[in-house]
Amino acid sequence: MTRVRFFDGRLLTAGDFDAEQSYQMEKRKLHNRLLHGAGVAAGLEVSDDDSGTAIIVSLGIAIDGMGNEIIVGDTVHVDLGIRPEDECFVTIRYGETPADPVPMIDGEVEFSRVIESFAIAIITNDPCFNATMQEIGLARLIRRNGHWAIDKTYARPELISRTAL
């Protein structure tokens with residue numbers, strides 16, 4: 001890993017700032033991967049919404065297999081839609097979205113911010129068997145009497161956390 005060295009009189013470019021941010025982010029992700037691992041740190045509990053056709057994911061934090069911090073700041077409702085299978089898994093994945101476009105001197109447009117986000121998905125295979133752990137399994141859903149139920153025996157990956165949200 002290479003980090004930027006700052007000193008008085010140095011002309012800084014966007015590349016220098018990008019390199020500095022990249023260094024800090026990669027170090028933090030390395031720390032997360034090696035010292036904490038992948039899994040749910042706090043919250044992200046899955047419950048049903050009593051209709052049997054949707055679920056609710058509580059606020060919380062997880063770390064994926066790449067060391068990315070996945071932060072859910074508010075309750076999320078997920079419609080399950082029509083699904084043919086009798087078993088599926090609720091997962092969460094880290095995401096980034098470019099934001100705040102600004103004009104450049106040459107007339108082009110660049111995004112000036114990156115919003116760290118997440119995506120909750122319903123998949124058919126248990127993500128715990130995925131070697132990269134880019135998707136974290138939050139729950140297993142089983143169809144019972146035409147409605148989805150949360151399997152309370154599903155062992156999602158969890159990190160040791162000392163505080164609750």
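Which side chains meet in a salt bridge at 3.3 Å, N to O? The side chains of E26 and K29 do so, where a salt bridge is a side-chain nitrogen of Lys or Arg within 4 Å of a carboxyl oxygen of Asp or Glu. Before this pair is placed in its surroundings, some conventions are needed. The structure is a predicted model, in which local features need pLDDT of at least 70 and side-chain atom pairs count only at pLDDT 80 or more, while totals for chains, interfaces and linings use all residues. Residues are numbered from 1 along each chain as its sequence is written, and side-chain values use heavy atoms, with hydrogens and water left out.

**Helix α1 and the surface patch**

Helices (H or I, at least four residues) and strands (E, at least two) are DSSP runs, numbered from the N terminus. Because E26 and K29 are three residues apart in helix α1, about one helical turn separates them. E26 counts as partly exposed at 30% relative accessibility; on this scale buried means under 20% relative accessible area, exposed means over 50%, and partly exposed lies in between (1.4 Å probe, protein chains only). Helix α1 covers residues 14–36 and also holds L30, which is partly exposed at 31% relative accessibility. Together with M1, L34 and L35, L30 makes a nonpolar surface patch of about 460 Å². Such patches are made of residues with over 30% relative accessible area and no salt bridge, like charges being joined within 9 Å and nonpolar side chains (Val, Leu, Ile, Met, Phe, Trp, Tyr) within 5 Å. The accessible areas come from the Shrake-Rupley method with a 1.4 Å probe, and for residues only the protein chains shown count as cover.

**The four-stranded sheet**

An open, antiparallel sheet is formed by four strands in the order β8-β7-β9-β10, two strands being taken as paired if DSSP finds at least two bridges between them. β8 and β10 (147–150) stand at the edges with a single partner strand each, so one side of each is left without a neighbour in the sheet. Neighbouring strands here are turned by 35° against each other on average, direction ignored; the axes are lines fitted to C-alpha atoms, for helices over the stretch in contact, and angles run from 0 to 180 degrees between N-to-C directions. The pairings of this sheet, each antiparallel, are listed below with one bridge pair for each.

| Strands | Bridges | One bridge pair |
|---|---|---|
| β7 and β8 | 14 bridges | P98 and V114 |
| β7 and β9 | seven bridges | C88 and L141 |
| β9 and β10 | four bridges | R143 and W148 |

β7 and β8 form a hairpin with five residues between them, and G107 in its turn has a positive phi of about 95°. T91, which has its place in strand β7, is buried, with a relative accessible area of 0%. Beyond its neighbours within four places in sequence, T91 is in contact (heavy atoms within 4.5 Å) with a set of residues including A119, I123, P127 and L138.

**Salt bridges around strand β9**

By the rule stated above, the count comes to nine salt bridges. One of them joins R143 to D86, with the closest N and O atoms 3.1 Å apart. Because R143 lies in strand β9 and D86 in the loop between β6 and β7, this pair ties together parts that are 57 residues apart in sequence. R143 is partly exposed at 26% relative accessibility. R140 forms a salt bridge with E87, the closest N and O atoms being 4.0 Å apart, and this pair links strand β9 with strand β7 across 53 residues. Here R140 counts as buried at 19% relative accessibility, whereas E87 is partly exposed at 36%. Elsewhere, E45, R156 and E158 are linked in a network of salt bridges.

**The remaining strands**

Three strands form a further open sheet in the order β2-β3-β6, again with antiparallel pairing. Its edge strands, β2 (46–48) and β6 (76–79), each pair on one side only, and neighbouring strands are turned by 30° against each other on average, direction ignored. Three bridges join β2 to β3 (residues 54–57), with D48 opposite its bridge partner I55 in β3.

Strands β4 (residues 60–63) and β5 pair in the antiparallel sense over four bridges, one of which sets G60 against V72 in β5. Their hairpin has five residues between the strands, and G67 takes a positive phi near 95°. In a regular strand the side chains alternate between the two faces of the sheet. In β5 (residues 69–72), I70 and V72 make up the covered face, and E69 and I71 the uncovered one.
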